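Student: I have only just opened this structure, and I would like a close look at one part of it. Could you take me through the charged side chains and what lies around them?

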Amino acid sequence: RDRGEWGGEEVDPITQMERTYGVTIKRNIAFYVFVALFAYVVAAGTEETMKYCVPLRFSRVRRSRSQYTYLVCTLSAALGFSTVENVGYTLQATDQEGVEGLGSRALTAYSRGVIAVTAHGLCGAMVGAGLTERHVLGRDKGYLSVILPPTLVHGTFDFQQLLVLVSVVNEVTQTLIVILLDALVLVAAAIWLRAKIKDMALTP
């Protein structure tokens with residue numbers, strides 16, 4: 001076994017999961033299919049559908065004369081969801097030895113506040129852009145065409161993190177790879193969203 005950055009023993013992530021949950025896990029096609037389904041369907045699909053449903057729940061949003069109503073509403077829903085999620089992750093944060101502490105919680109709060117909030121905000125705005133095209137501009141867009149782009153972004157964001165988590169032993173290497181891949185996903189999403197909003201040519 002390898003040694004960690006601080007002299008501690010590094011454990012294969014799969015082995016650690018087996019010890020924690022008392023199960024046997026094999027790195028095979030079925031395992032990676034499960035990881036992909038969890039990222040794209042369970043996490044991304046569910047959360048982006050929630051953002052899709054929020055503005056449709058309120059009649060004032062549907063009757064609003066502002067062309068930005070759906071964008072504002074879905075973005076608000078996304079950031080609210082992200083806040084609740086980040087509080088939960090922060091309170092559960094532990095260090096490498098599994099001990100809760102102020103340092104681990106502060107690091108988690110910072111990383112979640114910078115990365116997760118950006119991801120949720122971008123995906124929420126993408127949902128809002130789709131709803132705006134459908135309900136404000138009158139374009140022919142169904143549920144799948146609205147929800148697919150943010151679900152792909154969100155799913156890819158989660159999938160690469162999970163893939164690195166179960167494949168790379170060294171925590172520092174894990175962090176560097178995830179930061180790089182997160183940045184690529186978020187920059188691509190931001191470019192797509194900017195082009196979409198420019199194409200819609202909304203008026204104040």
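To start with one pair, are K51 and E48 buried or exposed?

Tutor: Both K51 and E48 are buried, where buried means under 20% relative accessible area, exposed means over 50%, and partly exposed covers what lies in between, using a 1.4 Å probe and protein chains only. Before going further, please keep in mind that this is a predicted model, in which local features need pLDDT of at least 70 and side-chain atom pairs count only at pLDDT 80 or more, while totals for chains, interfaces and linings use all residues. Residues are numbered from 1 along each chain as its sequence is written, and side-chain values use heavy atoms, with hydrogens and water left out.

The side chains of K51 and E48 form a salt bridge, with 2.9 Å from N to O; the term stands for a side-chain nitrogen of Lys or Arg within 4 Å of a carboxyl oxygen of Asp or Glu. These two residues both belong to helix α2 (residues 29-57), where they are three residues apart, about one turn of the helix. Helices here are DSSP runs of H or I with at least four residues, strands are runs of E with at least two, and both are numbered from the N terminus. As a general point, side chains of opposite charge can pair when their charged atoms come close. By the salt-bridge rule the count comes to six.

Another of these bridges joins R112 and E85, whose closest N and O atoms are 2.7 Å apart. This pair links distant parts of the chain, since R112 is in helix α5 and E85 in helix α4, 27 residues apart. R112 and E85 are both buried, and for E85 the relative accessible area is 18%. Leaving out residues up to four places away in sequence, E85 touches E47, R112 and H120, a contact being heavy atoms within 4.5 Å. R112 also marks the centre of a kink of about 35° in α5, the bend at a residue being the angle between axes fitted to the seven residues ending there and the seven starting there.

A third bridge, between R139 and D199, has its closest N and O atoms 3.1 Å apart. Because R139 lies in the loop between α5 and α6 while D199 lies in helix α7, this pair ties together parts that are 60 residues apart in sequence. R139 counts as partly exposed at 31% relative accessibility, and D199 is likewise partly exposed, with a relative accessible area of 47%. R139 and D199 also belong to a network of salt bridges that links them with E133, K141 and K196.

The nonpolar surroundings complete the picture. A nonpolar core is a set of buried Ala, Val, Leu, Ile, Met, Phe, Trp, Tyr and Cys residues joined through side-chain atoms within 4.5 Å. Of the 15 residues in the largest such core, V153 and L193 touch the most other members. Helices α5, α6 (143-167) and α7 (171-200) each supply at least two residues of this core, and α5 gives the most, with six. L193, setting aside its neighbours within four places in sequence, is in contact with L122, A125, M126 and A129.
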